[in-house]
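Let's take a friendly walk through this protein together. Keep the sequence and the 3D view open as you read.

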Amino acid sequence: MASSEVTEIHLKDYAAYPYDVENVTLEFDLEEEFTVVTATSVMRAKPSSIGAPLVLDGRQSFMELLAIYIDDKPVPSRLCAFNPNAEDTRLVVDSAALPADGAKFTLGVVTKFKPQDNLELSGLYKSSGNFCTQCEAEGFRLITYYPDRPDVMSVFTTKIRADKTKYPVLLSNGNLVGSCDLAGGRHMAVWVDPWRKPCYLFALVAGDLAVVESAFTTCTGKTVDLRIYAEQKNISRCDFAMESLKRAMKWDEERFGLEYDLDLFNIVAVDDFNMGAMENKSLNLFNSRLVLATADSATDAAFARIEGVIGHEYFHNWTGNRVTCRDWFQLSLKEGLTVFRDQEFSSDMGSRSVKRIGDVRYLRDAQFAEDASPMAHPVRPASYMKIDNFYTLTVYEKGAEVIRMYHTLLGEEGFRKGTDLYFERHDGQAVTTDDFFQAMSDANPGCDIGKLKNWYSQAGTPTVTCERVYDAGAKTYSLTLTQVLPKTPDTGGDQPKVAQLIPVKVGLVDAKTGKDMDVSGNVSVTSAGSTSTCVPVPGDAGSVVLRLNDMSATFTFAGVESEPVPSVLRGFSAPVKLAVTPALTADELLFQLAHDSDPFNRWEAAQKMAREIMCRAIRSTWHEGKTELASDDDAAEAIVADTAWGKFVDACKGIFRDAASDVVDRAWVEEALSFPGVGSLVQELKPVDPLAVHKVVKQFSKRFALACSDEIEACYATCKAEAAASGEYLVDETQTARRSLMGYCMALMGAAGHGGEDASELAAAAKTARNMTETVAALGALNRHPTAKSARDAAFDAFKQKWRDDNNVICTYLSLVAGNSGYGASPLTEVKATMADESMYSHKIPNKFYSLIGGFARGNTPGFHAADGSGYVFLADCLLAMDKTNAIAASRLAKPFTEWRLYDAPRQALMKGEMHRILKAEPSPNMFEIMTKSLA
Ligand code: TRP
Ligand code: ZN
């Protein structure tokens, strides 16, 4: 297939499927050489489309069609044609083969293929010797010929036949209704899923797996059996996932009133998986790195991710499965909503403000960059070539922000009324983001949220400018908000965009007392379209939500006795870039850092100060066309000579002292003092030499670490002593906050070259670490240490030897190697050497590919952006190699290339050169789409 045949699919062309599928029975004969699948579907033409051809999706190049029947009669070949459509062939059955009167008929399809050769990890494949499936988005067409689209829903029965010794466990969706032994050492299991579902939620697992079992009693008293399956060697690491699952089930009942709907819920952990996890009905499949965790093998960050993803997949049971998507353009209907739900779950389980800060950091660093790139697309894309390429940060993270805006605008109660109505109306249906909007809107009749809809159809990150004016005579304070919507490729660049409803949560902080002024009930609004309004925040007289519903509006607060410090966009109430004019001064930011009642904006104040100092230092040491980098000393000098530096450092010292004495949330401190990195600064300074940015970022943390070294060491010592005195390892807020602060101190000690050449304290910490969180903190610190190469290599080697047989922990090692930019001849050398070691690395395992190659391209600025282009050549080579067997995984890692516009002209040329090289190599349709769109 030539890539040029890849066609674009458009939302506007949506047409319902002409047939209903009443039920389908899938029989799998799993053998070592081949699998044979017999699919029997009971179908009927929709009354309005009798006589329409029956179009089935299937990949002809992957599977052999052994037979096709209608009502037990073979379909003659003249009535049955393969219709090539890029790689996914269609099988078109002429209506002459179907009942002319629109009566019910049975379609039988027999296919044969080799799962063991399927390296795409889509459809039916093998992982660690076990059979498993991944059908979202379009994997079912690698199993049989069937309408592989989410709006075709049916009741599935699955019969699995396989060797009993090799595959004692046979699983599918729904309930196990029967099982028996067969001749020849084989056995069979029969599963029936009573809930209608699209085929992307179908799943099958057959293998030799161990299991942990537990149970959950639902709010109506029903018992649900819970099982987590994993390889025997990993089974002792599933307990945390099981507890997370129970917490998620309980939370969904309490917060959303949603109860589980079957007697059984299964999770299976597999090592070879393209994504995080998959919400197949009652049989969730997980990348094993998102299930397996014990204190010695997983970091606190991994525990948190596991809890979040277990929740995410479980929550899909209602938002995704019971109510599903009409078509893949609606992906955010389930993903944005489910991400919002998992974010809220994690917030309710731990620190809400720290969770919010982490989510926003990710959104801004990664999604904002995507939204500014040639791959920018709306939350509901209007077209695509390969849907796999649209499992993006925009659909997931920005999509979740849109849901969060509903929540901010409607309040918890109104939001819940909306979701209740949504489930009541659409249970069992395949619907659109418009249907979701309508339910939310209809459930809240007094509240006009119409322009929220525009967030779904317009790409790009809006900028909100906020002009602040204090009138001392009239004692009024006014904020004029204006939205600026950027040009993006989806609108052809020039089409004007329409106003989006933007909720801006605001407080006014009294400059004398540091307390929030009472802003409830004294705001008047004037705007051009005069549809903007101001609404109170229940239970918080110090905040209001300004609902910017026009391009511009002025909100005037009356009775303001003295000029306040404005706290705008509290909690990051909308996914926008905020520009306050006149900008907050350094003193105002320091005031905000000390006093704002909103922990998000306190964090933001520290970020802003650090960002501004770094940006000024970069601008003073680099300009377009300058090829020579500033020396380390010059970069450091530009930082410490900044007028804000001294005040900033003093404020941070205070934060360290508070953290040591544990009077503030230590996890918040860790976030507040983790300053913007290269990726985030590059977005602000584009186009820019990334090495010039990296230089300043590195010097900033070194100088900061040196300036605060007493405080940092004291803080470290306190945390260490507390940790030694504490008993059992717990993943609770107190302990995880302490470990994250401790790890942060170690990172800074590394940056400052603590302990000289043998980095004694950090090297010792690596040896005596009592859990994976401490181990990774020590290795990370040694990785940044400027002079401790031999201590670092020794610690890395010990780690590698200890964990070499553990694919998941080794991924942690691979990421650390990938991020090493300080040691060795060039950053790429160690990466290449690691890659060449077959016991450590293989392109066949996506986790390893993401950790090593992805870690290098995303996290190793000097290596990836080396001026000679060697990093780009390396990535392109890896993408081409991976693309041959697994286009989905390869395309996910193509992202760094799509952001070429961020960098200076010589790098842009080098990156584009590599993209053209990839295109010339006739890549997969997935890769073709990303490269052509990025170069357009
Ligand atoms: N629906 C999955 C989620 O929870 C996403 C997913 C899992 C996926 N595996 C996939 C998407 C493979 C595409 C291909 O977010
Ligand atoms: Zn999801």
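## Lysine 720 and its partner

Lysine 720 has a relative accessibility of 41%, so it counts as partly exposed. Keep in mind that this is a predicted model. The side chain of lysine 720 forms a salt bridge with that of glutamate 761, with 3.8 Å between N and O. Lysine 720 sits in helix H15 (residues 709-725) and glutamate 761 in helix H17 (residues 760-768), so this pair links distant parts of the chain, 41 residues apart. Glutamate 761 is partly exposed too, with a relative accessible area of 29%.

What lets such side chains pair up? Side chains of opposite charge can do so when their charged atoms come close.

## Other salt bridges

How many salt bridges does the structure hold? There are 70. One of them joins the side chains of glutamate 370 and lysine 895, at 2.4 Å from N to O. Glutamate 370 belongs to helix H4 (residues 352-371), while lysine 895 belongs to helix H26 (residues 895-898), so their pairing ties together parts that are 525 residues apart in sequence. Is glutamate 370 buried or exposed? Its relative accessibility is 4%, and a residue under 20% counts as buried, so glutamate 370 is buried. Lysine 895, at 24%, counts as partly exposed.

Another salt bridge brings together the side chains of arginine 149 and aspartate 151, with an N to O distance of 2.7 Å. These two fall on either side of a cut-off: aspartate 151, at 19% relative accessibility, counts as buried, whereas arginine 149, with a relative accessible area of 22%, is partly exposed. Salt bridges can also share partners, and in this way Arg255, Glu344, Asp348, Arg352, Arg404 and Glu412 are joined into one network.

## The zinc ion

Now find the zinc ion (ligand 2). Which protein atoms are its donors? They are NE2 of His312, NE2 of His316 and two OE atoms of Glu335, lying 1.9 to 2.7 Å from the ion. Along the sequence, the donor residues follow the spacing H-x3-H-x18-E. Histidine 316 lies in the loop between helix H2 (300-315) and strand E22 (324-325), and glutamate 335 lies in helix H3 (residues 331-349), so this pair ties together parts that are 19 residues apart in sequence. Histidine 316 and glutamate 335 are both buried.

Why is the arrangement around the zinc ion (ligand 2) irregular? Its 6 donor atoms subtend angles of 48 to 159°, whereas an octahedral site needs opposite donors over 155 degrees apart and all others between 65 and 115.

## The nonpolar core

The largest nonpolar core has 297 residues, and the members that touch the most others are Tyr406, Phe648, Phe704 and Phe897. Helix H5 (residues 393-426) gives the most to this core, with 13 residues.

Take a look at phenylalanine 648. Apart from its neighbours within four places in sequence, phenylalanine 648 is in contact with Leu590, Ala606, Met609, Ala610, Ile613, Phe675, Phe700 and Phe704.

## An enclosed helix

Why is helix H13 (residues 678-685) described as largely enclosed by the rest of the structure? Because 6 of its 8 residues are buried. The buried residues in H13 are Val678, Ser680, Leu681, Val682, Gln683 and Leu685. Their cover includes H4, helix H9 (599-621), helix H14 (690-707) and helix H23 (861-864).

## Glutamate 64 and the UniProt domains

Glutamate 64 is part of strand E5 (residues 64-70), and at 45% relative accessibility it counts as partly exposed. Its C-alpha atom is separated by 9.4 Å from that of valine 36, which is 28 residues away along the chain. Leaving out neighbours within four places in sequence, glutamate 64 is in contact with Val110, Thr111 and Lys112.

According to an unreviewed UniProt entry, residues 113-201 are the feature "domain: Aminopeptidase N-like N-terminal". That span is 0% helix and 52% strand, and its end C-alpha atoms lie 21 Å apart. UniProt (unreviewed entry) also places "domain: Peptidase M1 membrane alanine aminopeptidase" at residues 240-449. Residues 240-449 are 55% helix and 10% strand, with end C-alpha atoms 40 Å apart.

Note on methods. Residues are numbered from 1 along each chain as its sequence is written. Chains are lettered from A and ligands numbered from 1 in the order in which they are written. This is a predicted model: local features need pLDDT of at least 70, side-chain atom pairs count only at pLDDT 80 or more; totals for chains, interfaces and linings use all residues. Side-chain values use heavy atoms; hydrogens and water are left out. A nonpolar core is a set of buried Ala, Val, Leu, Ile, Met, Phe, Trp, Tyr and Cys residues joined through side-chain atoms within 4.5 Å. Buried means under 20% relative accessible area, exposed over 50%, partly exposed in between (1.4 Å probe, protein chains only). Helices (H or I, at least four residues) and strands (E, at least two) are DSSP runs, numbered from the N terminus. Contact means heavy atoms within 4.5 Å. A salt bridge is a side-chain nitrogen of Lys or Arg within 4 Å of a carboxyl oxygen of Asp or Glu. Donors are N, O and S atoms within 2.8 Å of the metal (3.2 Å for Na, K and Ca); water is not among the atoms, so sites may look incomplete. Four donors count as tetrahedral if all angles lie between 85 and 135 degrees; four count as square planar and six as octahedral if opposite donors are over 155 degrees apart and all others between 65 and 115; anything else is irregular. UniProt positions are given in the numbering used here, feature names are shortened, and annotations may be inferred rather than shown by experiment.
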